[in-house]
Amino acid sequence: MATTITFTNDKKFGSSNKPIANLVVHAPLSKLNFNALVDTGADYIVIPHGALVLGWKHPPKSTVSVATVGGTLPLTIAKGVTVEVEGQTFTTDIVFSPSITGKGALLGRVDLLGLFEVGMDNTQWLWK
């Protein structure tokens, strides 16, 4: 089954056009909406640390070491969270960062690639 994701919004991130996706995190207490910068250098979906207060009654205690420009940091990780990216729903792990604020977030490489379904159709090949 093929799925086409159409990015319908031209959003500004900072002072220039950047690849931005609508991200909805289905947290235990509420749905949290973000404008996620598509970042192929990030491994995870990263949302503001303040979202823990809004979406989790009992915040996750697990941490993961994340390499950043400023060095390696231990960040809180929530596993098995349902998220929606541009209308496509799936379950993944998300990381909470104190360096991200407001409605900003990062959509990392693992989840970006998970949105694609790769296949081959040999009926269009040039040789038989």
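Start with the contacts: counting those in the protein with a separation of 6 or more, 56% link residues that sit 24 or more positions apart. Keep in mind that this is a predicted model.

What are those contacts drawn from in terms of secondary structure? The protein has two helices and nine strands. Walking from the N terminus, you pass through the elements in the order β-β-β-β-β-α-β-β-β-β-α, so to speak a strand-rich read with a helix after the fifth strand and another at the end.

Now for cover and surface. Out of 128 residues in the protein, 36% count as buried. On the outside, the protein exposes about 8,400 Å², and carbon and sulfur atoms supply 56% of that area.

A good place to zoom in is strand β3, residues 20-26. How many of its seven residues are buried? Five of the seven are, which leaves β3 mostly covered. Buried here means under 20% relative accessible area.

Next, look at what β3 pairs with. One partner is strand β4 (residues 31-39): the two run antiparallel and are joined by seven bridges. The link between β3 and β4 is a hairpin of four residues. To find the pairing by eye, go to His26, whose bridge partner in β4 is Lys31.

The other pairing to trace takes you further along the chain, to strand β7 (residues 71-85). Here β3 and β7 also run antiparallel, with four bridges between them. Val25 is a handy marker for this one, as it stands opposite Val83 in β7. While you are following these strands, remember that in a regular strand the side chains alternate between the two faces of the sheet.

Methods: Residues are numbered from 1 along each chain as its sequence is written. This is a predicted model: local features need pLDDT of at least 70, side-chain atom pairs count only at pLDDT 80 or more; totals for chains, interfaces and linings use all residues. Side-chain values use heavy atoms; hydrogens and water are left out. Buried means under 20% relative accessible area, exposed over 50%, partly exposed in between (1.4 Å probe, protein chains only). Contact means heavy atoms within 4.5 Å. Accessible areas come from the Shrake-Rupley method with a 1.4 Å probe; for residues, only the protein chains shown count as cover. Two strands pair if DSSP finds at least two bridges between them.
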